[in-house]
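User: Please give a close account of a single part of this structure, chosen for its strand pairing and for what lies across it. I am new to the structure and would welcome each term being explained.

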Amino acid sequence: MAACTMTMVENNAGIEAVIGNFDVNVVFSEPLPPFPEINTVVDLKGQQHAESNQKGKREIALGRNAIATCFPITEPDDNDESTGDKEAHMASVLARYKKNLLERTKYNLGYAYNFDFDYGALAPLQHFFINNLGDPFVENNYAVHSRQFEIGVLDWFARLWEIEKNEYWGYVTHCGTEGNFHGILAGRENFPDGILYASGESHYSVFKAARLYRMNCVRVGCLVSGEIDCADLRLKLLANTDKPAILNVNIGTTVKGAVDDLDLVIQTLSECGFSKDRFYIHCDGALFGFMMPFIKCAPKVSFKKPIGSISVSGHKFLGCPMPCGVHLTRLEHINAFSNNVGYLASRDATIMGSRNGHASIFLWCALNRKGYKGFQKEVQKCLGNAHYLKDRLCEVGISAMLNELSNTVVFERPQDEEFIKRWQLICEGNIAHVVTMPNVSQEKLDDFIAELVAKRSIWYADQKVQPPCFAAALGSQNCACKLHRI
Ligand SMILES: *Cc1c(COP(=O)(O)O)cnc(C)c1O
């Protein structure tokens, strides 16, 4: 290193000579270095292992071998432009991929995504790079944005969640996770020494936020339904009355679709001596935050209650074809952590910088097209189908649970990984779930049940191997084991 510096100092002309000789037209025969021979996989703990090449002995681990095939990038041939081979090859790969997408879309029952959409009208906008970077309410110098649509969407949600236009702040996020990150950060910026309380059934993004922000996080117990256990919350609050409380309240948990009792959480805070200026509540409503307002008898999620923020995913019930979300908070909370970034000439209160401007337009279309009445109908249909599935499972003797007002049906975990993969089920411990989204019809549920029943007759052909007891996970009234079956 030292020698090199010396040469540069001593022989400036030499460097110039090298640059002068550099021929920009030289074509390197091998511009990319070859891949290393050994593929490694990284397991859940971040440990690297050499990938096993033994046939039929593919270890399942997160990492390179989780995806069995990839479409390699190949360098264009010199004559590609004239022959059109490259474009033809790409077109065929994409056509096959599209066929595969159609097939895979048919068989998703576990992930709460709504595939029931047609955004053909927006295809011409694909030719634009639309970026709503920064704060939606502060103009910056980048003019190719869709803030007109974004604010229209936010205002619609403000009405849904009952907050005045001049009292809220929010933005269209990249996903529900970003909304959680923002809600919890707003809590921490307002209460720097606050403790985060979240039930064990909270989405992993909540605990991820706690790690990222290095917050003190207290895990609160749950009822069998998956709801937060307010008796446990009380004990944990009382043990920490000297510190403000930041709470994540689930408006629909991921696995069991349980809705935390917001009113009881607020009452518990008050009974434990936490006044409104000593707590911050973030409502994680990824899926159900958007469904609840359309159910007549459901408890309200509303800014009329002392909550700080609400977030939902845009690709779950709303049916956006790209990951996105909507996050709303009180304007007063934003002042605690925004500062000015000179070159953007914009308030900096979002988690990310660049933001997908297309997402706001898709959301704007979905909301305009369906409207309040349209969503109400869809929600009713989904809840009806969830009851249908739960009842059918019970009829055939399968342990199953459905929370009131939820479209997430929880049941025994199927024995066979192939079956789980085929229907793209989400499993946790010994339970699995199906979410009846708007694109899931009763016919599809019938197919699913028929297949499950057929498989079970193979898995449990031997009387000695029977499904376990599900009383602990689903409640004894939902358990179909020998002991609990009536
Ligand atoms: C799906 C989900 C999230 C995360 O949403 P993404 O949009 O996938 O980031 C957060 N919370 C709950 C309860 C969820 O179900």
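Analyst: Two strands pair if DSSP finds at least two bridges between them. Strands (E, at least two residues) and helices (H or I, at least four) are DSSP runs, numbered from the N terminus. This is a predicted model, in which local features need pLDDT of at least 70, side-chain atom pairs count only at pLDDT 80 or more, and totals for chains, interfaces and linings use all residues. Residues are numbered from 1 along each chain as its sequence is written.

The part chosen is an open sheet of four antiparallel strands, ordered β12-β13-β15-β14. Its edges are β12 (400-402) and β14 (426-428), each of which pairs on one side only. From one strand to the next, the twist averages 25 degrees. Within the sheet, β13 (residues 408-412) and β15 (residues 431-435) are joined by five bridges in the antiparallel sense, and Thr 408 faces Val 435 in β15.

Helix α11 (residues 357-395) lies across β12, β13 and β15, at about 155 degrees to β12. Such angles run from 0 to 180 degrees between N-to-C directions, with axes fitted to C-alpha atoms, for helices over the stretch in contact. Contact requires C-beta atoms, placed from the backbone, within 7 Å.

Helix α11 also meets helix α5 (residues 147-160): their axes come within 8 Å and cross at roughly 50 degrees. The two are therefore oblique, a term for angles that are not under 35 degrees (roughly parallel), over 145 (roughly antiparallel) or 65 to 115 (roughly perpendicular). Among the residues in contact are Trp 156 of α5 and Trp 364 of α11.

Methods:
Contact = placed C-beta atoms within 7 Å.
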